[in-house]
Amino acid sequence: MAGERAVGLVRELQRAAGGHLPPFRAEELRQALEEMRALYERNQADVSEAKAGRTDLIFLIRFRHCCLLRNQRCIVAYLYDRLLRIRALRWEYGSILPNAIQFHMSAEEVEWFNRYKKSLATYMRSVGGEEGLDLTQDIKPPKSLYIEVRCLKDYGEFEIEDGTTVLLKKNSQHFLPRWKCEQLIRQGVLEHILS
Amino acid sequence: VRFDTYVVNTILLLFLQRVLLLVASDVDALCACKILQALFQCDHVQYTLVPVSGWQELETAFLEHKDQFKYFVLINCGANVDLLEILQPEEDTFFFVCDSHRPINVVNVYNETQIKLLVKPDDDLDVPAYDDIFRDEEEEEEESEAESDGSEPSDKRRRFEEEVIERTMKRRQRREWEARRCSAMVMFDLAWMMSKDLNDMLWWAIVGLTDQWVQDKITQMKYVTDIGILQRHVSRHNHRNEDEENSLSIDCMRIAFEYDLRLALYQHWSLYESLCNTSYTSANLKLWSVQGQKRLQEFLADMGLPLKQVKQKFNSMDISLKENLKEMIEESASKFGMKDLRVQTFSIHFGFKNKFLASDIVYATASLMESIEKEGPETTNFIKALDSLSRGNLDKLHQGLDLAKKQLRAIQQTVASCICTNLVISQGPFLYCSLMEGTPDVRLFSKPVSLCLLSKYLLKSFVCSTKNKRCKLLPLIMAAPMDVEQGTVIMVGIPPETESSDKKNFFGRAFEKAAESTNSRTLHNHFDMSIIELKTEDRSKFLDALISLLS
């Protein structure tokens, strides 16, 4: 009944823990908005009648208004929380998101993500001198410039910025600059070894 | 230019590059690898580490990586073959070879540019002078039987060189061999020369040396000499603990010199188990026989050690009994013909609970490396063993100790059954023993180091058991099933067990020749040439060829 669908959206987000982004529920959203529209129209009608003398309708009008506010709150919370998760994805994955995640985003969210990326890039370019400063690297202060990593699965050739390639085979170990490895460590291809 | 400076300058070239480390699968190699890794990490040298267990893996790894690296470091592999011939590298590729296998291939020694051998100058290499081998072409034209078919002079020269190298190799095999410094100690020396040596590295060097001793690859004299060298380093790094006032916290790692019992794993086992499963005591007391068991009881009674105590976990033994244990056992042992029950070695301490002798670590690491529990590709065992050498991975170390106990028990039981069922037979120039498929624990002995250990222990025990004076001086060839489906056996040859043995092993060459002459299908994949694999069907003709070759 009133507000069920909107609350359903919020519940789904609550269940998706750890920053995971579930698919965008366009259909449920449309239904919730439809419900709001219906409530609003009925209230419109009843307000004119109440003005004409039927004061017993006032409570019903107030009830419907509360439902509307509740729906609004749920839907806004849903949309906003998704945006926060998408923002976190930029810091987690970098500027190119994996396809699987992109499928879960609506067109508007993709647009928002692109604008956020641009905003962040502009800011990062403006600090740290000429080349700018990549703030998404080294989120925790690193203990050393170079780290020892072990390859957990066959990955193939991995190209580093300066053109050199490293062959990542299962159980091979490498000693590489930290920033080159972070991506692969997050993806689970490499494992950081502490001696 | 002083030798040390020369070495460091050459090696420093290495430290400016990205390097590929190819490491063989033995404990000494692992220790040398750990030391080198620590040095590289100190100087931020980017490297990639690839474990290799044989020549095929070495070649594969080289081919896979040759486009990405120009500098290669080979640990415990590569010295005893013509490396450039096998790998066919580009001109701008460099190999640094730190290998304790001997003899070193002469071509490697005289290569001025691409191959750098890491050996100590006092390692008496006894390499023939350059002029002896690469003689002037003109001189030889008259002597050699060169064909006059207009073949290129360089071809003639190369053929001639090959002949001379052949001859020289044969001559060298009959001459005195070079002492082989273990790779871990060579790496430690490097660290010391660079003033970057740490106590951790010293411990790995100790473990590397102890590995050579456990595997019976060096003479007692060499072992004692090297212990002396290491002892100086140990004092230098660990003297603070001798001073009561300024000693370090109990949690800090320290190394101590020990003149301890050579009973395998005894502090992590029970004294009884250790006595039964150490080859020295088992062979001397002849524990495979009933009289042997009685002698063991007498031995324990002589020391006043109750059986109940001795069968308990060592740590749970009565403190009063443990007090003068070493001296007591040594005294009683010499009455029973065991004069060398104590051996010079080192132990490591960190925290209250953690104390290990160097030999404990060797047994544990070797067992992890050759564990038959299938868990992914072979390299997984290598990685586990490498990890266990770090103090943070005590769980892996304890796992290794458990596996080692199983392995030692299996070895002793196999030795006992071989002796009791007269499985060791004399073939003339050598002794021969073959394990049948279906023997308990035979899977353990499909691995090279385990099989070698078994062979050594078997030979020691056999020498104590036989009355035949001639047989006591013979070397041993041991065979065990390797892969039943493929129908292959693994075969190792070990030198004779004599007091004055120089531990030199000539079976590599013998195996090659026998295989050639009989067209046997053999695989000489191991870096140690005295270990081969061959098809079960070819075994008899192969052995016959060996017998005639060595008679």
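Student: This model is predicted. Which residue stands opposite B:Val489?
Tutor: B:Leu534 does, in strand 14 of chain B.

Student: What makes strand 12 and strand 14 of chain B a pair?
Tutor: The test asks for at least two bridges. Strand 12 (residues 488–494) and strand 14 (residues 531–535) of chain B share five bridges, so they pass and count as paired. Their sense is antiparallel.

Student: What sheet holds strands 12 and 14 of chain B?
Tutor: An open sheet of six strands, in the order 9-10-11-12-14-13 (chain B). The pairing is mixed.

Student: Why are strand 9 and strand 13 of chain B called edge strands?
Tutor: Strand 9 (425–426) and strand 13 (522–523) of chain B each pair on one side only.

Student: What holds strands of a sheet together?
Tutor: Strands pair through backbone hydrogen bonds, either parallel or antiparallel.

Student: Where is a parallel pair?
Tutor: Take strand 1 (residues 19–23) and strand 3 (residues 71–75) of chain B. They pair in the parallel sense over five bridges. Set that against the cut-off of at least two. The pair qualifies. Here B:Leu20 stands opposite B:Phe72 in strand 3 of chain B.

Student: Which sheet has strands from chain A and chain B?
Tutor: An open one of eight strands, ordered 5(A)-1(A)-4(A)-2(B)-1(B)-3(B)-4(B)-5(B), with mixed pairing. Its edge strands are strand 5 (190–193) of chain A and strand 5 (115–117) of chain B. Neighbouring strands of this sheet are turned by 25 degrees against each other on average, direction ignored.

Student: How do you know that A:Arg150 and B:Asp387 form a salt bridge?
Tutor: The closest N and O atoms are 2.8 Å apart. The limit is within 4 Å, so the pair qualifies. A:Arg150 lies in strand 1 (residues 146–151) of chain A and B:Asp387 in helix 19 (residues 379–388) of chain B, so this pair joins two chains. Over all chains, the structure holds 32 salt bridges.

Student: What makes up the nonpolar surface patch?
Tutor: A:Val76, A:Tyr80 and A:Leu84, with about 290 Å². Members of a patch need over 30% relative accessible area. A:Val76 lies in helix 3 (residues 58–93) of chain A.

Student: What does the UniProt record annotate at residues 55–127 of chain A?
Tutor: An unreviewed UniProt entry gives "domain: GINS subunit" there. The span is 84% helix and 0% strand. Its end C-alpha atoms lie 63 Å apart.

Student: Which elements of chain A have the lowest and highest mean pLDDT?
Tutor: Helix 6 (residues 178–187) of chain A has the lowest, 79, and helix 5 (residues 107–126) of chain A the highest, 93. Chain A averages 87.

Notes: Residues numbered from 1 in each chain as written. Chains lettered and ligands numbered in written order. Predicted model: local features only at pLDDT ≥ 70, side-chain atom pairs only at ≥ 80, totals over all residues. Heavy atoms only, no water. pLDDT = per-residue confidence, 0-100. Helix = DSSP H or I, 4+ residues; strand = E, 2+ residues; numbered from the N terminus. UniProt positions renumbered as here; feature names shortened; annotations may be inferred. Patch = residues over 30% accessible without salt bridge, like charges linked within 9 Å, V, L, I, M, F, W, Y side chains within 5 Å. Areas by Shrake-Rupley, 256 points an atom, 1.4 Å probe, with all protein chains shown as cover. Salt bridge = Lys/Arg side-chain N within 4 Å of Asp/Glu carboxyl O. Axes fitted to C-alpha atoms, helices over the stretch in contact; angles between N-to-C directions.
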